[in-house]
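Let's take a walk through this protein together, starting from the inside and working outwards. Keep the picture open while you read, and find each residue as it comes up.

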Amino acid sequence: MAHSQHIFTWIRQAAREHWLPLLILVAPINWVIYQADKADNIGPMLPLPAVAFVVGLALRPRHVWLVWLGAVVIQWVTMAAWGAYATAAMPGAEETPLSLTIEAFFWMAGGVLLPVWLGRLAGRAIQVSRHPGEHPEGLTW
């Protein structure tokens with residue numbers, strides 16, 4: 001019982017700390033999914049990593065992997081809302097619902113995980129350079 005209570009406490013704390021980064025990423029993820037079939041080049045896809053970098057820089061989420069997994073879930077929900085899974089199940093489609101579900105992990109790793117991590121790292125570097133005496137641990141990974 002105490003172990004499950006510890007897990008629920010951790011989940012509540014993680015949700016409290018990471019709801020804002022995930023809320024900010026909802027619009028860019030929707031935009032990228034909307035543009036995925038229409039875009040001729042990568043230009044319309046760049047708002048997602050740019051916003052993710054700013055999220056990492058400004059908010060410095062403690063668990064970047066949790067933001068990444070949340071972004072994957074947001075992508076799944078958005079793709080279901082846009083009907084991407086239904087069109088992937090049509091005969092002759094190159095993608096299947098399973099392949100889209102699995103690819104979401106990799107797309108969000110490049111579009112969210114790496115930019116948020118780099119933004120968080122840059123934010124900590126800026127903080128340490130501005131106030132070197134206040135952070136004896138320096139840059140922590």
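Start with the largest nonpolar core, which has 23 residues. Leu25, Ile29, Leu48, Met108 and Val112 are the ones with the most contacts inside this core. Where do the core residues come from? Helices α1, α2 (47-59), α3 (64-82), α4 (84-88) and α5 (97-130) each supply at least two of them. The largest share, seven residues, comes from α3. Keep in mind as you look around that this is a predicted model.

Now zoom in on one member of that core, Leu48. Which residues does Leu48 touch, once you skip those up to four places away in sequence? The list runs Leu25, Pro28, Ile29, Val32, Met108, Gly111 and Val112. Some of those names should ring a bell: Leu25, Ile29, Met108 and Val112 are also among the residues with the most contacts inside the core.

Time to zoom out. The chain has five helices and zero strands, so its pattern along the sequence reads simply α-α-α-α-α, with helices and strands taken as DSSP runs. The C-alpha atoms fill a box of roughly 60 × 45 × 20 Å, taken along the principal axes. Of the 141 residues in the chain, 30% count as buried. On the outside, the chain exposes about 9,000 Å², and carbon and sulfur atoms supply 70% of that area. How far along the sequence do contacts reach? If you take the contacts between residues at least 6 apart in sequence, 70% of them join residues at least 24 apart.

Next, look for the largest pocket. About 850 Å³ of space lies in it, and 27 residues line it. Val32, Ile33, Ala36, Asp37 and Trp107 are the lining residues that lie nearest the pocket's centre. As for who builds the lining, α1, α2, α3, α4 and α5 each supply at least two residues. Here the largest share, six residues, comes from α5, whereas for the core the largest share comes from α3. What kinds of residues make up the lining of this pocket? They divide into 17 nonpolar, five polar and five charged.

Now follow helix α1, which covers residues 2-35. Gln35 lies in this helix. Is Gln35 buried or exposed? Gln35 counts as buried because its relative accessibility is 10%, and the cut-off for buried is under 20%. Not counting residues up to four places away in sequence, Gln35 touches Pro44 and Met45.

Met45 is a good next stop. You'll find Met45 in the loop between α1 and α2. Leaving aside its neighbours within four places in sequence, Met45 is in contact with Val32, Gln35, Ala36 and Ala39. Two of these, Val32 and Ala36, are also among the residues nearest the centre of the largest pocket. Met45 and Pro28 are 17 residues apart in sequence, and their C-alpha atoms are 8.6 Å apart in space.

Go back along α1 and you'll meet Glu17 and Trp10. Glu17 counts as partly exposed because its relative accessibility is 33%. Glu17 sits 44 residues away from Pro61 in sequence, with 7.3 Å between their C-alpha atoms. Trp10 also counts as partly exposed, at 33% relative accessibility. Skipping residues up to four places away in sequence, Trp10 touches His63, Trp65 and Leu66. Trp10 and Met79, on the other hand, are 69 residues apart in sequence and 29 Å apart in space, C-alpha to C-alpha.

Now hop to the loop between α2 and α3, where you'll find Arg60. What is special about its phi angle? Phi of Arg60 is near 45°, a positive value in a residue other than glycine. At 28% relative accessibility, Arg60 counts as partly exposed.

Finish in helix α5, with Ala109. Ala109 counts as partly exposed because its relative accessibility is 22%. Not counting residues up to four places away in sequence, Ala109 touches Trp68, Leu114 and Pro115. Ala109 and Ala71 are 38 residues apart in sequence, and the gap in space is 9.2 Å, C-alpha to C-alpha.

Definitions and conventions: Residues numbered from 1 in each chain as written. Predicted model: local features only at pLDDT ≥ 70, side-chain atom pairs only at ≥ 80, totals over all residues. Heavy atoms only, no water. Helix = DSSP H or I, 4+ residues; strand = E, 2+ residues; numbered from the N terminus. Buried < 20%, exposed > 50% of the residue type's maximum accessible area, 1.4 Å probe, protein only. Contact = heavy atoms within 4.5 Å. Core = buried A, V, L, I, M, F, W, Y, C linked by side-chain atoms within 4.5 Å. 1 Å grid on protein atoms, 1.4 Å probe; cavity = no way out; pocket = protein on both sides within 12 Å on 5 of 7 lines; lining within 4 Å. Points joined across faces, edges and corners; volume = space filled by probe spheres on them. Nonpolar A, V, L, I, M, F, W, Y, C, P; charged D, E, K, R; others polar. Areas by Shrake-Rupley, 256 points an atom, 1.4 Å probe, with all protein chains shown as cover.
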